Amino acid sequence: MRHLADQVVLVVGATGGIGRAVVERLKGTGATLVLAARSGDRLQQLAATLSGERNVQSHPCDITQPDQVVQLMQAIREQHGRLDVLINAAGAGLLKPYAKITPTELEQMLALNLKGCFYTTQQAAELMKEHQQGHICTVVGILGKHSMAMGAAYCAAKFGVVGFSKCMAEELKRYGIKFSLFYFGGVDTPFWDGVSLKVDRQKLLQPDAAAALIQAALETDRHAVPLELSLMPDSHVFF
Ligand SMILES: NC(=O)c1ccc[n+]([C@@H]2O[C@H](COP(=O)([O-])OP(=O)(O)OC[C@H]3O[C@@H](n4cnc5c(N)ncnc54)[C@H](OP(=O)(O)O)[C@@H]3O)[C@@H](O)[C@H]2O)c1
């Protein structure tokens with residue numbers, strides 16, 4: 001089992017439902033946690049709940065802005081000298097009929113869920129390369145693998161995330177950098193507040209179930225690579 005003590009772990013989307021559950025799980029591991037999202041206030045509130053932790057820092061960052069992503073990685077390099085783990089858990093949902101998706105909505109989906117994730121992964125990998133090791137965990141979602149009516153814009157972004165991640169993983173394996181992709185079905189988080197599709201939230205996965213799988217992937221043997229992991233609520237199972 002790999003121990004996370006003294007590892008530097010960046011959680012992007014740390015204040016979200018899944019990101020926060022990951023932070024809760026990792027807080028006792030001895031890892032240094034770097035928390036990122038746009039809202040500095042919410043990051044501060046989260047960091048305050050972790051006040052007993054030795055090493056927690058927060059950095060507001062809008063991942064749709066490549067220069068802010070570069071600044072985030074520079075701050076990590078200056079403060080910690082390294083980055084061992086990236087958790088990509090920032091994103092937003094859009095589920096509506098393809099004909100009603102506006103150009104602005106498509107742009108927003110691609111800017112955050114695809115390009116923002118690309119910039120973050122790209123810049124984190126450059127930092128990890130300096131120490132010839134790293135683990136990039138990306139919360140894709142099952143709609144990065146399966147299609148769904150009303151998912152056209154969201155799936156376009158998420159299928160793209162899988163595409164670039166697998167290409168980068170090929171390029172980066174010789175630097176000891178591994179990728180894990182997580183395909184979760186619906187998770188009960190604020191993500192669903194902004195989605196017009198009605199879902200029975202009581203039947204969704206709990207965020208801690210998602211976070212537990214991410215933690216297990218991080219703590220697996222250091223020579224093992226958990227490539228693609230799916231987790232579905234029992235009300236909505238398909239292969
Ligand atoms: N919930 C689900 O059912 C589900 C299932 C499968 C996959 N996923 C994926 O899992 C990821 C996390 O989802 P979630 O359910 O945890 O969503 P959430 O609760 O809505 O959290 C979203 C997080 O992303 C951050 N964020 C949003 N825009 C950002 C930006 N431009 N730059 C930096 N951070 C940004 C938010 O903080 P700020 O607003 O402060 O920036 C927040 O921390 C997303 O990629 C989502 O597609 C979700």
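Good morning. I begin with helix 1, which lies across strand 1 (8-12), strand 2 (32-37), strand 4 and strand 5. Relative to strand 1, helix 1 runs at about 160 degrees. Please bear in mind throughout that this is a predicted model.

Let me turn to the sheet itself. It is an open sheet of seven strands, with parallel pairing, and the strand order is 3-2-1-4-5-6-7. Strand 3 (56-60) and strand 7 (228-231) stand at the edges; each has a single partner strand, so one side of each is left without a neighbour in the sheet. On average, and ignoring direction, neighbouring strands of this sheet are turned by 15 degrees against each other. As a general reminder, strands of a sheet pair through backbone hydrogen bonds, either parallel or antiparallel. One pair may serve as an illustration: strand 4 (residues 85-88) and strand 5 (residues 134-139) pair in the parallel sense over four bridges. Within strand 5, the residue that stands opposite Leu86 is Ile136.

I return to helix 1, this time with its helical partner. At what angle do the axes of helix 1 and helix 6 cross? They cross at roughly 55 degrees, and the axes of helix 1 and helix 6 (residues 207-219) come within 8 Å. That angle makes helix 1 oblique to helix 6. Helix 1 passes helix 6 in a right-handed crossing. On the helix 1 side, the residues that meet helix 6 are Gly17, Ile18, Ala21, Val22, Glu24, Arg25 and Leu26. Helix 6 contributes Pro207, Asp208, Ala210, Ala211, Ala212, Ile214 and Gln215. By class, the residues of this contact of helix 1 with helix 6 divide into nine nonpolar, two polar and three charged.

Next, the packing around helix 4. Helix 3 (residues 66-80) packs against helix 4 at an angle of about 30 degrees, with the two axes 9 Å apart. Helix 3 and helix 4 are therefore roughly parallel to each other, and their crossing is right-handed. From helix 3 the contact takes Pro66, Val69, Val70, Met73, Ile76 and Arg77, while helix 4 supplies Tyr119, Thr120, Gln123, Ala124 and Leu127. This contact of helix 3 with helix 4 has eight nonpolar, two polar and one charged residues.

Helix 4 also packs with helix 5 (residues 152-172); the axes come within 9 Å and cross at roughly 15 degrees. Helix 4 and helix 5 are therefore roughly parallel to each other, and the crossing is right-handed. Among the helix 4 residues that meet helix 5 are Leu106, Met109, Leu110, Leu114 and Phe118. The helix 5 residues in this contact include Tyr154, Val161, Phe164, Met168 and Leu172. In total, the contact of helix 4 with helix 5 has 15 nonpolar, four polar and two charged residues.

Finally, the ligand. Which residues come nearest to the ligand? Of the 30 residues around the ligand, they are Gly16, Arg38, Gly91, Gly141 and Phe191. Helix 1 (17-26) and helix 4 (103-129) each supply at least two residues of the shell around the ligand. The shell residues divide into 14 nonpolar, 13 polar and three charged.

To close, I would draw attention to helix 1 once more: helix 1 lies across four strands that I named at the outset, strand 1, strand 2, strand 4 and strand 5, meets helix 6, and supplies residues of the ligand shell. Thank you.

Terms used: Residues numbered from 1 in each chain as written. Predicted model: local features only at pLDDT ≥ 70, side-chain atom pairs only at ≥ 80, totals over all residues. Near = placed C-beta within 6 Å. Nonpolar A, V, L, I, M, F, W, Y, C, P; charged D, E, K, R; others polar. Axes fitted to C-alpha atoms, helices over the stretch in contact; angles between N-to-C directions. Parallel < 35°, antiparallel > 145°, perpendicular 65-115°, else oblique. Left-handed = near helix turned anticlockwise from the far one by under 90°. Contact = placed C-beta atoms within 7 Å. Pairing = 2+ DSSP bridges.
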